[in-house]
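This report describes the fold of one chain and its contact with a second chain. The sequence and the structure are shown first, followed by the description.

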Amino acid sequence: MHLGEFINQKSYEHIIYRIRRHPITFIPIVFMFLILLLVPFIVYIIIGTLFPEIMTGPRTYPLLLLLGSTYILTMFLFFYVRFIDYYLDLWIVTNDRIIDIEQNNLFSRSITELDLFRIQDVTIEMHGLFSTLFDYGNITVKTASSNSHIIFTAAPHPNMIREELIKLSNEDRKYHAGQEEE
Amino acid sequence: MSIAIPLYIFLFVYLIFIAVFLAFSIINFYHIVVAASFTIVSFTISFFIFALTLLTLYLTYTLLVDINWQQTLLVFDTGWFTGPSGTSF
């Protein structure tokens, strides 16, 4: 499916930014995946050293092999689910609105929209060493209505995006003011 | 009294797991497609996962191909609770 179809892109609308969380935020999951993948090999070495007869037993050998295979496949699935969770969290900025697509888990997704001309306040938050080093942070976009806001979580180059959002919001406000005068 | 189950029961359980695994993997891939996120990054990760899955399944198959699945595994025996002379612990 094309992204324009997914967000019901209007005829005059064009996509300016597609923002995902900074790739550095996915690195801990990759590390965890690699460490968890090593577990069966460590267990194999320990059992092979302490109880070698278990590894060669006609009944225990196939059972351990099935168990190891199940574990490794579960880790692949775990990694894939975490990747989907990371990659399908997407913020789309067009010349008309901001669309926040959040993949909460495998069977839960929420989509929020906010008109650019309603933006009242754009705040960025950068906490910690990694956030400063790799230039990523949270961007909170608020409207006059207190219950309507979007948070771009761990977005790359937050300051540049904040400036762009303010600029786009001003342009959209001028466009809407012009339409009202007509 | 003793209870023994054949090894192929464990193979059936493993095959059920494979079916669930494949179902979840396909749902994940379906999410990528319907959420308009099928890019070079998502394609690479999906390819990597599916290739590793096929490799794991192939290795499991080659290591288990000569196993006699008709063997039985003792899961319960009253002898475990009695001493060598037949007296209860």
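Two strands are taken to pair if DSSP finds at least two bridges between them. The description below rests on a predicted model.

## Domains and overall extent

Chain A is divided into domain 1, covering 13-21 + 93-181, and domain 2, covering 28-85. The centres of domain 1 and domain 2 of chain A, taken over C-alpha atoms, are separated by 42 Å.

A second distance concerns A:Ile46, a residue of helix α2 of chain A. A:Ile46 and A:Met1 are 45 residues apart in sequence, and their C-alpha atoms lie 49 Å apart in space. A:Ile46 counts as exposed because it has 10 C-beta neighbours inside 10 Å, and the limit for an exposed residue is 12 or fewer.

## Strands β1, β2 and β3

Strand β2 of chain A (90-94) pairs with two other strands. Four bridges join β1(A) to β2(A) in an antiparallel arrangement, and A:Arg18 stands opposite A:Ile92 of β2(A). On the pairing with β3(A), there are four bridges and the strands again run antiparallel; here A:Ile92 stands opposite A:Ile99 in β3(A). Two residues lie between β2(A) and β3(A), which form a hairpin.

How many of the five residues of β2(A) are buried? The count is five of five, and the strand is described as mostly covered. Its two faces are both covered, with A:Leu90, A:Ile92 and A:Thr94 buried on one side and A:Trp91 and A:Val93 buried on the other.

## The sheet β5-β6-β7 and helix α6

Three strands of chain A form an open sheet in the order β5-β6-β7, with antiparallel pairing. β5 (119-125) and β7 of chain A stand at the edges; each has a single partner strand, so one side of each is left without a neighbour in the sheet. Neighbouring strands of this sheet are turned against each other by 15° on average, direction ignored. Between β5(A) and β6(A) (residues 136-143), the antiparallel pairing extends over six bridges, and A:Ile124 stands opposite A:Ile139 in β6(A).

Helix α6(A) lies across β5, β6 and β7 of chain A and runs at about 175° to β5(A). Its 24 residues should span 34 Å at 1.5 Å a residue, and its end C-alpha atoms are 34 Å apart, in agreement with that value. The buried residues of α6(A) are A:Pro158, A:Ile161, A:Leu165 and A:Leu168. Their cover includes β1 (15-19), β2, β5, β6 and β7 of chain A. An α-helix has 3.6 residues a turn, so residues three or four places apart point the same way.

## Two residues with positive phi

Most residues other than glycine have a negative phi. A:Ala154 has a phi near 50°, a positive value in a residue other than glycine. A:Ala154 lies in strand β7 (residues 149-156) of chain A and counts as buried because it has 24 C-beta neighbours inside 10 Å.

A:His157 also has a positive phi, of about 50°, although it is not a glycine. A:His157 lies in the loop between β7 and α6 (158-181) of chain A. With 16 other C-beta atoms within 10 Å, A:His157 is partly exposed.

## Helix α4 and the contact with chain B

Helix α4 of chain A (residues 60-87) has 28 residues and reaches 40 Å from its first C-alpha to its last, close to the 40 Å expected at 1.5 Å a residue. Among its buried residues are A:Pro62, A:Leu66, A:Ile72, A:Phe79, A:Phe83 and A:Tyr87. What covers the buried residues of α4(A) includes elements of both chains: α2 (27-50) and β3 (97-105) of chain A, together with α1 (8-34) and α2 (40-64) of chain B.

The contact between the chains takes 28 residues from chain B and 26 residues from chain A. On the side of chain B that touches chain A, α1 and α2 of chain B each supply at least two residues, and α1(B) gives the most, with twelve residues. By class, this side of chain B has 19 nonpolar, nine polar and no charged residues.

Terms used
Residues numbered from 1 in each chain as written. Chains lettered and ligands numbered in written order. Predicted model: local features only at pLDDT ≥ 70, side-chain atom pairs only at ≥ 80, totals over all residues. Expected span 1.5 Å × (residues − 1). Buried ≥ 20, exposed ≤ 12 C-beta atoms within 10 Å, placed from the backbone. Contact = placed C-beta atoms within 7 Å. Domains from an automatic or database assignment. Nonpolar A, V, L, I, M, F, W, Y, C, P; charged D, E, K, R; others polar. Axes fitted to C-alpha atoms, helices over the stretch in contact; angles between N-to-C directions.
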